[in-house]
2 protein chains.
Amino acid sequence: MAEECYTELEQAIQVLVANFYKYVSKHSLVRNKISKSSFRKMLQKELNHMLTDTGNRKAADKLIQNLDANHDGRISFDEYWTLIDCPYMVYPATDLCK
Amino acid sequence: MAEECYTELEQAIQVLVANFYKYVSKHSLVRNKISKSSFRKMLQKELNHMLTDTGNRKAADKLIQNLDANHDGRISFDEYWTLIDCPYMVYPATDLCK
């Protein structure tokens with residue numbers, strides 16, 4: 001289906017999904033998960049207006065720890081989605097670790 | 001902050017959030033929730049490519065029932081977010097009630 005016929009909401013969902021797969025590890029052993037280092041890069045590159053202090057490694061690691069529900073040291077799609085749903089996102093320019 | 005300086009991901013998040021509030025009940029007693037009828041309209045108007053059969057009232061009601069975690073007959077932001085995270089969304093043109 002041609003991109004432009006999708007609604008604005010559908011296009012936004014596709015951006016969110018595509019962004020996840022942009023940062024997913026290319027390592028075959030770690031399918032469909034984002035490594036800690038890639039997740040930090042994503043925060044700095046993709047969410048640096050909505051989140052402040054994204055360059056702060058300690059803050060980023062704390063956020064990753066909060067999101068990493070199964071504690072495997074990587075971020076799955078559902079854990080990624082929780083980040084975007086959390087209050088940090090809805091109220092722009094929120095410190096990473098309020 | 002000017003819209004255009006947000007990243008593509010941040011703009012997509014804003015679209016998702018704005019869409020929720022576009023359908024939220026204006027009724028003061030029902031703050032920050034989407035009514036069943038408004039949610040049906042949203043499915044038909046905003047997700048009619050990613051979801052098929054959005055006009056099917058029975059299918060829509062079943063989806064709403066699945067999403068309505070606290071069974072108050074309305075859709076909160078978190079419940080709305082669950083819809084967008086679910087496999088229906090990630091694999092376009094999926095039947096509402098697979």
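**Exercise 1. Which residue caps the N-terminal end of H3(A)?**

Work on the predicted model shown above, and find the capping residue and the atoms it uses.

*Solution.*
Step 1. Go to helix H3 of chain A, which covers residues 57-67.
Step 2. Look at Asn56(A): this residue caps the N-terminal end of the helix, with a side-chain oxygen 2.9 Å from the backbone nitrogen of Lys58(A).
Step 3. Now see which residues of H3(A) are covered. The buried ones are Ala59(A), Ala60(A), Asp61(A), Leu63(A), Ile64(A) and Leu67(A).

**Exercise 2. Describe the interface of chain A and chain B, starting from its extent and ending with its make-up.**

*Solution.*
Step 1. Begin with the residues in contact: chain A brings 29 and chain B brings 29.
Step 2. Take the area next. About 2600 Å² is buried between the two chains, and carbon and sulfur atoms give 72% of this. On the side of chain A, the residues that lose the most area to chain B are Leu9(A), His49(A) and Trp81(A), together 24% of what that side buries.
Step 3. Turn to the polar side of the story. Salt bridges between chain A and chain B number 0, whereas 11 residue pairs are in polar contact across the interface.
Step 4. Ask where the touching residues of chain A come from. Helices H1 (8-23), H2 (36-46), H4 (77-85) and H5 (87-90) of chain A each supply at least two of them. H1(A) gives the largest share, 10 residues.
Step 5. Sort that side of chain A by class, and you get 18 nonpolar, 5 polar and 6 charged residues.

**Exercise 3. Is His49(B) buried or exposed, and which side chain of chain A does it join?**

*Solution.*
Step 1. Find His49(B) in the loop between helix H2 (36-46) and strand S2 (51-52) of chain B.
Step 2. His49(B) counts as buried because its relative accessibility is 19%, and the cut-off for buried is under 20%.
Step 3. Follow the side chain of His49(B) to that of Glu10(A): a polar contact of 2.6 Å joins them.

**Exercise 4. Place Gln11(B) and find a backbone partner for its side chain.**

*Solution.*
Step 1. Gln11(B) sits in helix H1 (residues 8-23) of chain B.
Step 2. Its relative accessibility is 28%, so Gln11(B) counts as partly exposed.
Step 3. From there, the side chain of Gln11(B) reaches the backbone oxygen of Tyr6(B) at 2.8 Å.

**Exercise 5. How many residues of H4(A) are buried, and which aromatic cluster includes some of its residues?**

*Solution.*
Step 1. Count along H4(A): 7 of its 9 residues are buried, leaving the helix mostly covered.
Step 2. Name them: Phe77(A), Glu79(A), Tyr80(A), Trp81(A), Leu83(A), Ile84(A) and Asp85(A).
Step 3. Pick out Phe77(A), Tyr80(A) and Trp81(A), which belong to one aromatic cluster along with Phe20(A), Tyr21(A), Phe20(B), Tyr21(B), Phe77(B), Tyr80(B) and Trp81(B). Over all chains, the count of aromatic pairs comes to 15.

**Exercise 6. Examine the backbone at Asn32(A) and His71(B).**

*Solution.*
Step 1. Recall the background: most residues other than glycine have a negative phi.
Step 2. Check Asn32(A), in the loop between H1 and strand S1 (34-35) of chain A. Its phi is positive, near 55 degrees, and Asn32(A) is partly exposed, with a relative accessible area of 37%.
Step 3. Check His71(B), in the loop between helix H3 (57-67) and strand S3 (74-75) of chain B. Here too the residue is not a glycine, yet phi is positive, about 55 degrees. With a relative accessible area of 64%, His71(B) is exposed.

Terms used. Residues numbered from 1 in each chain as written. Chains lettered and ligands numbered in written order. Predicted model: local features only at pLDDT ≥ 70, side-chain atom pairs only at ≥ 80, totals over all residues. Heavy atoms only, no water. Contact = heavy atoms within 4.5 Å. Buried area = accessible area lost by both parts, 1.4 Å probe. Salt bridge = Lys/Arg side-chain N within 4 Å of Asp/Glu carboxyl O. Polar contact = N/O pair within 3.5 Å; in protein donor to acceptor, adjacent residues only side chain to side chain. Helix = DSSP H or I, 4+ residues; strand = E, 2+ residues; numbered from the N terminus. Nonpolar A, V, L, I, M, F, W, Y, C, P; charged D, E, K, R; others polar. Buried < 20%, exposed > 50% of the residue type's maximum accessible area, 1.4 Å probe, protein only. Phe/Tyr/Trp six-rings, centres within 6.5 Å; stacked < 30°, edge-to-face > 60°.
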